[in-house]
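Me: I've got a structure open and I'd like to go through it with you bit by bit. Can I fire some questions at you?

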Protein chains: 2
Amino acid sequence: MTGPASVGFAAVVDATRSPHARLRPLSVPAVRLEGEFWGPRLARNAEVSLPTQWEQLESSGCLDNFRRVAGTVDRPHRGFMFADTDLYKWIEAVSWELSRGPRPALEERLEQGLALIEGAQQPDGYLDTYYALERAGARFTDLRDMHELYCLGHLVQAAVAHHRATGSERLLAVARRFADLVCAVFGPAESGRRVGLDGHQEVELALVELARETGEARYLEQARFFLEARGHGLLDGGFYGREYYQDHQPFRALELLAGHAVRALYYSAGLADLYLETGDPSLLQTLTRLFDRMTSRQLYVTGGLGSRHEGEALGADFELPNARAYTETCAAIGSMMWCHRMLAATAEPRYADLLEHTLYNALLPGWSLDGQGYFYVNPLQDGGTHRRQPWHRCACCPPNVARTLASLSGYAYGATADALHVHLYAQGSARLELAGRPVELVQRTRYPWDGRVELEVNGEGDFGLFLRIPGWVQTRPQLSVNGQAAEVAATPGTYVELRRRWRRGDRVELLLDMPVRALASHPHLLENTGRVALMRGPLLYCLEGQDHPAHALLDLELDLRQPVRAEWQPTLLGGVVVLRGRAEGCEPEEAWRGALYRPASAPSADRGAPVELTAVPYFAWANRAAGPMQVWLRARLGP
Amino acid sequence: MTGPASVGFAAVVDATRSPHARLRPLSVPAVRLEGEFWGPRLARNAEVSLPTQWEQLESSGCLDNFRRVAGTVDRPHRGFMFADTDLYKWIEAVSWELSRGPRPALEERLEQGLALIEGAQQPDGYLDTYYALERAGARFTDLRDMHELYCLGHLVQAAVAHHRATGSERLLAVARRFADLVCAVFGPAESGRRVGLDGHQEVELALVELARETGEARYLEQARFFLEARGHGLLDGGFYGREYYQDHQPFRALELLAGHAVRALYYSAGLADLYLETGDPSLLQTLTRLFDRMTSRQLYVTGGLGSRHEGEALGADFELPNARAYTETCAAIGSMMWCHRMLAATAEPRYADLLEHTLYNALLPGWSLDGQGYFYVNPLQDGGTHRRQPWHRCACCPPNVARTLASLSGYAYGATADALHVHLYAQGSARLELAGRPVELVQRTRYPWDGRVELEVNGEGDFGLFLRIPGWVQTRPQLSVNGQAAEVAATPGTYVELRRRWRRGDRVELLLDMPVRALASHPHLLENTGRVALMRGPLLYCLEGQDHPAHALLDLELDLRQPVRAEWQPTLLGGVVVLRGRAEGCEPEEAWRGALYRPASAPSADRGAPVELTAVPYFAWANRAAGPMQVWLRARLGP
């Protein structure tokens, strides 16, 4: 296998030559994420999740669908019409893994996968196992609902990752042939091609990446065509209407993101990609406006997005039900993809803040601690029936989790010619060139469990080190260089800049205080009235029933006049910091039993017996016996 | 036309001979509902709603679908596959109207409608304009989703109403031919017929009524077959799964009503009908248990049912979102149908309580004050975009409202051989035989605006008069006979019994106090935490934006330490009692602008300026200019 050093810039998004990128993400293999938090998790992704997902690709019929087209298996197509993308995302994940070094067991399967894909491609480049054989005549007849270009998009993403990670042109050649066919068929009316649009965005961002990888601007033009064609009613009809597909208004006219959440977020990521290449200010302006509206009105405290089971949709302002939250794991990934591109485009720390928050509190909960179970839907309150599954009938999430974790190191840093931005704190290291010289930055930290971060600079030169001071920080962080307090303003929600002539072995120490924080919701988010969500550092917490067997979680009232303590529990849930507080069990009074409505009366002064309350990180919920869970806790604030 | 006196017992549900009925509903023409509340409304239904609905039947294609089958119109079928039922429900409504006396304009259209139906029936009795001509071969191939037996059910209900109201056999003959075909095709496996089941309940209750109307027990047997076949997975698959169709568990095993709300409620009504005929105690036991669960966990304060847009479904316990309430108008009607049958089966006042509550607060809101607009969905909070429509693409609700209002008088009273139960208070009169002698009961009242009800007994004899003391009554009602206080316990939530030898002209006076009531929700209904809903008598109230133009309704905090006054407004919204109280405009503080979550802090002691608050009956909302509305109001209870 070709080693990573000999190949191109293996970044999740290669903005190295994007004219409007303010930050260039470091490449996946250039960054190592290690330590007690990420070390075992990322190893588990490679060693448990990816092998067991391969078994699911086999048993679900995904691989057989390819064999069927090649004529080596004789059985009907199985699964959804977009099941091919399960393999593509798996290959993307494996490619990122391989960029870090050999993984023989995965490579053998990867070879099988590549051969299957090659064997299913049609002579003209078309590749979609659903529309093969008996359905071949129906190609491109239902772009709105049948996901053919969505499949192309994931094929391209896999091919680009495989090429970046290994240098192999093999999958890229397949992807280009299909992309070239699509480019020949679809285009603006004046070109004489067909004006068409996929109902599920994905091909757009993939084509921008294909342009970056091949240097061929026509793929960027194709992406721009698909992005600009949207919003003019081409996708009319359908069960949920045009909003579902974000086809109800041209992008620049949107007041808020609406409709299917994953579609909306992949769309936004694609538009951010288009901005990185074109610099069209109306794109960035619109994306910023939609991001602001989303974070101030449509975002769960988990970072999850998508309030409605109906149409897997984003909700209206303040429509954020807890038990019926949809918050698909793929939507969290879509949000991270968008944030990653906005960070490259703007270098604004709020995008890194949401990226980190989403990673810990919306992506990670979708993945079980044993690496073999996945949530599709991520509620913030549950009675104990919602459990992770080894695979789903619509299996978009599991390999999406795998590819995101496999490429996570590529989200951690951004660089300019003479500065490095640290977006994510995690034990590990990063290698890059700064001001023309190689530099290694080593992080030593127990983050997210602890806010102390030691950075060691192994390199020389004049460059800037930008450290992210998360927006959640409440007290001014301590920051020192070689033991001397740094004379800079480390303001929460900014990057603090350390610019100097660095010498090998320089040490930076950042101390982020991590008190327990109780967050309240905007008063118009009615369901959380009188309730708080507990956070510590970047982590959101929740209650689980088994830590409070005698009580209904909804009725436990946290007493915030007393301290809530953080406590390291090395054997619980793989090692977590739990929060312990004092609560009162305010069970609904006898008068409520059987009644849903009754005359209002002032709250009783009677309080229940004190209860020791234990909160665990939300990402770790549902990893023990089934039981109720909730994020928002009744709280007593005043006297 | 044959007058009502010459025909049978024209009740909405004819339980006259049902062996297990404890109460026999009075017939539609035997009861007159008049006075300032119901008089104009019921006239408007006959004079405005039914004629304009006929125009919609024409313009929507419903009538042309029938003409198409008869060969007099050459155009494709339009609308949903169950659009025939729009005409059937309209005919049912018109039939009830005709039972009260001639309506030449409606009769002419009715004749047209009957001819259209006759002309579309196939030689073997089959009747469904969707499965005619080119689709005739696909009959009964998709019972789960295509509503053929649902269409039969509404045809039977129309035919039964038409027969009861007019004595004409014309539509009944058509309905019987189709019913006979269905009885020949479907049945228990041991009969050699096909075991099949419609995905949307309706035919079951209709067949029980057909058995009552024709005296043929085989229709009852057919209803029993359809009811008992459900819950065994015959309707497997489908987008929403078996629960949607209530086919996930046999009825007697259900812990709660779930899935599509209208289906669930029509199902329950059918099962109650089966109980009325068979007396199977397991049916009544199950129905009672499900009713209790529904009213204590799944019922909106409006009486509306159905919490989810997804699958138009009932929700889980305490899942009752306000802005996203679904509460289809047809579900309110289904609930009234079920209550009406449970009342016949048990004579228990709680069914009358919910029936009345649903009528005023869940059915009536679905109908505009001008009689020409309908809600399908009935939210309890809205930003001002939800408006009634003259018709819907899925037009089940408008003619369902019309038939329910046209037959409303049949819901008002129940009788035994020697007693009359008054379920609904309304100006008007009722005629019946009691203890073998004709009796007329005259009601004089301004109810629901006022709780004073005068009853005049025009008849002689020993019989009981049972007056419903609604569950909402808080102080002991005053009750007198001929000016003398009655020595009986008029306990809220019971029928108070007056049994004596009545003489012509006896006068009963009942005085129900109607103070303004502020209701709170069970604490597990999180969205209503700290909020109250205002009621007076049977009416629920809401705030509308135009009465409080300077404030966000969500932020107005009603001060319940001060009185809330009721005030008659003769020109507002056709004449309503409004409620006036004092509130404070607690706008979200500046700190919230743009933030969705922030550190919790004790509520500020600062209060906004006092605001005069005006609440209007919920049934009358959205009849003025568009604007926000909400039912649940922030409230200050304590000091």
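What follows is a set of questions and answers about how the chains, sheets and helices are arranged.

Me: Before we start, what kind of model is this?
Reply: Residues are numbered from 1 along each chain as its sequence is written, chains are lettered from A and ligands numbered from 1 in the order in which they are written, and side-chain values use heavy atoms, with hydrogens and water left out. Local features need pLDDT of at least 70, side-chain atom pairs count only at pLDDT 80 or more, and totals for chains, interfaces and linings use all residues, since this is a predicted model.

Me: What kind of axis relates chain B to chain A?
Reply: Copies are superposed by least squares on the C-alpha atoms of residues with pLDDT of at least 70 in both. Chain B can be laid on chain A with an RMSD of 0.0 Å, using a turn of 180° and a shift of 0.0 Å along the axis. That is the relation of a two-fold axis.

Me: In chain B, which residue has the C-alpha nearest that axis?
Reply: The distance from the axis is 1.9 Å. The residue is Glu527(B).

Me: Which strands stand at the edges of the seven-strand sheet in chain B?
Reply: Helices (H or I, at least four residues) and strands (E, at least two) are DSSP runs, numbered from the N terminus, and two strands pair if DSSP finds at least two bridges between them. The open sheet has the order S2-S6-S7-S8-S13-S10-S11 in chain B, with antiparallel pairing. Each edge strand has a single partner strand, so one side of each is left without a neighbour in the sheet: these are S2 (31-33) and S11 (484-485) of chain B.

Me: Which residue in S6(B) stands opposite Arg32(B)?
Reply: S2(B) pairs with S6(B), residues 428-434, in the antiparallel sense over three bridges. Opposite Arg32(B) in S6(B) stands Ser429(B).

Me: Which residue takes a positive phi in the hairpin of S10(B) and S11(B)?
Reply: S10(B) and S11(B) pair in the antiparallel sense over two bridges, and Val481(B) stands opposite Gln484(B) in S11(B). The hairpin has two residues between the strands, and the one with a positive phi near 50° is Asn482(B).

Me: Which helix lies across S9 and S12 of chain B?
Reply: S9(B), residues 461-469, pairs with S12(B) in the antiparallel sense over nine bridges, and Gly464(B) stands opposite Arg499(B). The helix runs at about 55° to S9(B), covers residues 349-363 and is H13 of chain B.

Me: Is H1(A) roughly parallel or antiparallel to H3(A)?
Reply: Axes are lines fitted to C-alpha atoms, for helices over the stretch in contact (heavy atoms within 4.5 Å), and angles run from 0 to 180 degrees between N-to-C directions. Angles under 35 degrees count as roughly parallel, over 145 as roughly antiparallel, 65 to 115 as roughly perpendicular and the rest as oblique. H1 (residues 35-59) and H3 (residues 84-99) of chain A pack at about 150°, with axes 11 Å apart. That makes the pair roughly antiparallel.

Me: And how are H3(B) and H14(B) oriented to each other?
Reply: The axes of H3(B), residues 84-99, and H14(B), residues 397-406, come within 8 Å and cross at roughly 20°. Among the residues of H3(B) that meet H14(B) are Trp90(B) and Trp96(B). The two helices are therefore roughly parallel.
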